[in-house]
Amino acid sequence: MEIASTNEAETMPATGLESIGTIKDKSSTLEASDGDTLEAKATGGESVAKEVGEGGYTVKTRIIEPEDELYVKLGMGNISEEEGAEKGELKVTTHVVSGDWALKVTPKNKGAKGIKAPKTHITAKPGWSEEEGNFLDLEFEILKGAANYWYSRFTTTAVLP
């Protein structure tokens with residue numbers, strides 16, 4: 001999985017996409033949500049009209065042992081430049097990711113379908129467990145921006161390691 005800050009035109013960047021790290025096996029999903037339902041009822045509760053709006057899409061994944069650089073890239077912290085025992089330590093300042101991000105999900109198998117979303121909003125949830133160690137759960141809410149589409153699908157041409 002790769003990300004990049006979204007440009008003003010909200011199109012997929014040709015360059016600048018960077019890997020988000022090691023993804024936990026079988027932890028990534030693309031999920032659709034139901035849209036809002038509007039219903040008109042007549043006296044007595046009889047439905048006379050119904051309209052269902054378009055829902056949204058979310059990509060969810062878990063990064064295991066995320067690199068400090070990912071926290072910095074997402075604006076969640078900075079690496080200490082102070083001399084002494086704290087030099088080089090990540091100082092986490094927030095768990096809120098600001099701005100919009102482009103997302104590219106490339107499957108490992110040749111011929112599989114991947115997606116490219118030009119505009120997403122990221123929600124980050126850091127965690128730790130004895131079984132998995134440090135992890136970072138990321139949710140990418142796909143937004144329909146100026147590009148006027150949710151995401152595009154592409155076919156992989158090579159097997160990834």
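This passage describes the fold, the nonpolar core and two individual residues of a predicted model.

The chain is built from one helix and twelve strands. Read from the N terminus, the order of these elements is β-β-β-β-β-β-α-β-β-β-β-β-β, with the helix placed after six strands and followed by six others. Of the contacts with a separation of 6 or more, 58% join residues 24 or more positions apart.

Turning to overall dimensions, the C-alpha trace spans about 75 × 40 × 40 Å along its principal axes. The radius of gyration is 20 Å, whereas a compact globule of 161 residues would come near 15 Å. Buried residues account for 29% of the 161 residues. The chain exposes about 10200 Å², and 47% of that area is supplied by carbon and sulfur atoms. As for charge, there are 28 negative and 18 positive side chains, and the centres of these two sets are 8 Å apart.

The interior is a good place to look next. In soluble globular proteins, nonpolar side chains tend to be buried together. Here the largest nonpolar core holds 22 residues, and those with the most contacts inside it are Ile-3, Ile-20, Leu-74, Leu-138 and Phe-140. At least two residues of this core come from each of strand S6 (57-64), helix H1 (68-73), strand S9 (101-105), strand S10 (113-129) and strand S11 (133-142). Ile-20 gives a helpful view of how parts of the chain meet: leaving aside residues up to four places away in sequence, Ile-20 touches Met-1, Ile-3, Thr-61, Ile-63, Leu-70, Leu-138 and Phe-140.

Two further residues round out the picture. Val-72 belongs to helix H1 and is partly exposed, with a relative accessible area of 36%. That value puts Val-72 in the intermediate class because it lies between the 20% limit for buried residues and the 50% limit for exposed ones. Beyond residues up to four places away in sequence, the contacts of Val-72 are with Gly-77, Asn-78, Ile-79 and Leu-90. Tyr-151 is 79 residues from Val-72 along the chain, and the C-alpha atoms of the two are separated by 26 Å.

Ser-80, by comparison, sits in the loop between strand S7 (77-79) and strand S8 (90-92). Ser-80 counts as buried because its relative accessible area, 6%, is under 20%. With residues up to four places away again set aside, Ser-80 touches Glu-86, Lys-87, Gly-88, Glu-89 and Lys-91.

Conventions
Residues are numbered from 1 along each chain as its sequence is written. This is a predicted model: local features need pLDDT of at least 70, side-chain atom pairs count only at pLDDT 80 or more; totals for chains, interfaces and linings use all residues. Side-chain values use heavy atoms; hydrogens and water are left out. A nonpolar core is a set of buried Ala, Val, Leu, Ile, Met, Phe, Trp, Tyr and Cys residues joined through side-chain atoms within 4.5 Å. Buried means under 20% relative accessible area, exposed over 50%, partly exposed in between (1.4 Å probe, protein chains only). Helices (H or I, at least four residues) and strands (E, at least two) are DSSP runs, numbered from the N terminus. Contact means heavy atoms within 4.5 Å. The radius of gyration is taken over C-alpha atoms; the globule rule is 2.2 Å times the number of residues to the power 0.38. Accessible areas come from the Shrake-Rupley method with a 1.4 Å probe; for residues, only the protein chains shown count as cover. Lys and Arg count as positive and Asp and Glu as negative; His and the chain ends are not counted. The place of a charge is taken as NZ of Lys, CZ of Arg, CG of Asp or CD of Glu.
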